[in-house]
Every structure is written in structure tokens, then in C-alpha cells.
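Me: Please take a close look at one part of this model for me, namely the loop between the third and fourth helices, and set it in the context of the rest of the chain. I would like one connected account rather than a list.

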Amino acid sequence: MRYIEWGFLFLLSGLGIGLANLVGFQVGFMDSLPGILILLAISCVGVVCSKLIPLKLPIVAYVSILGLLAASPISPARQFVIDAVGKINFTAPLTMVGAYAGISIGDQVKTFAKQGWKMILIGVFVMTGTFIGSAVIAQVVMMLTGTI
């Protein structure tokens with residue numbers, strides 16, 4: 001993927017995260033901006049690391065390691081990173097991930113449908129079971145922690 005495409009995707013992601021944080025959690029865009037920039041900077045550096053470092057790890061591994069280092073006690077910017085990123089609700093970036101996943105498999109639906117009605121039925125059951133299982137786990141955890 002070209003770096004211009006990466007840059008465009010980072011910009012689009014940042015705007016999407018800010019919008020999701022604003023609409024879903026009423027956190028102003030300017031309040032979210034430092035956290036968004038930190039997350040995008042860590043992501044950019046993760047992409048560069050994956051290209052330059054000969055150890056072939058997935059980009060997500062590099063980003064995770066960099067994020068841990070940025071928020072670790074050895075980092076001089078630790079408190080700023082934690083405070084800024086703490087204003088971004090965890091589900092705001094997930095909204096963008098879900099959108100990208102939906103777009104990426106959108107052109108493969110016809111191929112999936114060619115597998116036959118049994119495969120579609122199994123897919124519906126798997127998705128329904130995953131959703132219900134996630135809802136049950138969330139309900140139990142929220143009841144145990146006293147959130148609800």
C-alpha cells in the first residue's frame with residue numbers, strides 16, 4: 001500500500017474517531033484531538049517499523065508495543081499520553097474498525113453466496129451465536145462489576 005493511501009486512511013480514521021467520540025460520547029472534537037493525534041502517530045510509526053525492521057511481525061504487534069512503551073513508566077510523556085488518549089472512548093475507534101471490515105468484505109458477498117444456501121445458513125447461525133454470546137458475557141461482567 002502506498003504511503004499516500006496510508007495517510008488518507010489515517011486522516012479518515014482520525015476524523016471518524018473524533019466524530020464517533022463526539023456523537024456517541026459527547027466529547028468535543030478539540031478535546032479528543034490530542035488523543036487522536038497520539039493514536040494516529042503511534043499507528044504511523046507502527047507502519048514504518050513494520051517496513052523497516054527485518055523482524056516480520058504484523059503491524060498490529062508493532063503498534064501495540066509502541067503504545068505500551070508510550071504509556072509505560074519509562075516514558076517521559078506517559079502522563080500526557082494517558083490523559084489525552086483517556087478522553088477517547090474505547091468504542092469510538094472500534095466503530096471505524098467495523099466500518100473498514102464491512103467495506104473490505106463487501107465485494108466478497110457474491111463469492112460467499114455461491115457457496116450455497118447451507119453456507120449462508122451456517123454464517124447466519126455463527127453471527128447470531130457470536131452476538132448472543134457476546135451479549136451474555138457483557139451482561140454477566142456488567143452485573144459482576146456492579147455497572148448495572
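Reply: What follows starts with the whole chain, turns to the loop you asked about, and then moves outward to the cores and to a few other positions.

The model is a predicted one, and its chain holds seven helices and zero strands, so that the order of elements from the N terminus reads α-α-α-α-α-α-α. For 148 residues the globule rule gives 15 Å, whereas the radius of gyration of this chain is 19 Å, well over that value, and the chain is therefore more spread out than a compact globule. Along the principal axes, the C-alpha atoms fill a box of roughly 55 × 45 × 30 Å. Buried residues make up 21% of the 148 in the chain, and the accessible surface comes to about 10,600 Å², with 77% of it belonging to carbon and sulfur atoms. Among contacts in the chain with a separation of 6 or more, 53% are between residues 24 or more positions apart.

The loop itself lies between α3 (59-71) and α4 (78-86), and S72 is one of its residues; S75 has its place in the loop between α3 and α4 as well. S72 has a relative accessible area of 15% and therefore counts as buried, the cut-off being under 20%. For S75 the relative accessible area is 15%, and S75 is likewise buried because this value falls under 20%. As for their surroundings, the side chain of S72 reaches the backbone oxygen of L69 at a distance of 2.9 Å. S75, once residues up to four places away in sequence are set aside, touches L69 and A70. L69 thus appears in the descriptions of both serines, as the residue whose backbone oxygen the side chain of S72 reaches and as one that S75 touches.

The mention of A70 leads on to the nonpolar cores. The largest of them is made up of 10 residues, namely W6, F10, I17, A20, I36, L40, V47, I88, A92 and M96. At least two residues of this core come from each of α1 (3-25), α2 (29-52) and α5 (91-106), with α1 giving the largest share, four residues. A70, which S75 touches, belongs to a second, separate core of five residues that also includes I38, V81 and A84. In soluble globular proteins, nonpolar side chains tend to be buried together.

Away from the buried positions, L94 in helix α5 has a relative accessibility of 42%, which means that L94 counts as partly exposed. Between α1 and α2 there is another loop, where Q26 is placed; Q26 is not a glycine, yet its phi is positive, at about 50°. With 62% relative accessibility, a value over 50%, Q26 counts as exposed.

Towards the other end of the chain, helix α7 (residues 117-145) has 29 residues and reaches 42 Å from its first C-alpha to its last, which is close to the 42 Å expected at 1.5 Å a residue. Just after α7 comes G146, with a positive phi of about 80°. The C-alpha atom of G146 is separated by 24 Å from that of L94, the two residues being 52 residues apart along the chain.

Technical notes: Residues numbered from 1 in each chain as written. Predicted model: local features only at pLDDT ≥ 70, side-chain atom pairs only at ≥ 80, totals over all residues. Heavy atoms only, no water. Core = buried A, V, L, I, M, F, W, Y, C linked by side-chain atoms within 4.5 Å. Buried < 20%, exposed > 50% of the residue type's maximum accessible area, 1.4 Å probe, protein only. Polar contact = N/O pair within 3.5 Å; in protein donor to acceptor, adjacent residues only side chain to side chain. Rg over C-alpha atoms; globule rule 2.2 N^0.38 Å. Contact = heavy atoms within 4.5 Å. Areas by Shrake-Rupley, 256 points an atom, 1.4 Å probe, with all protein chains shown as cover. Expected span 1.5 Å × (residues − 1).
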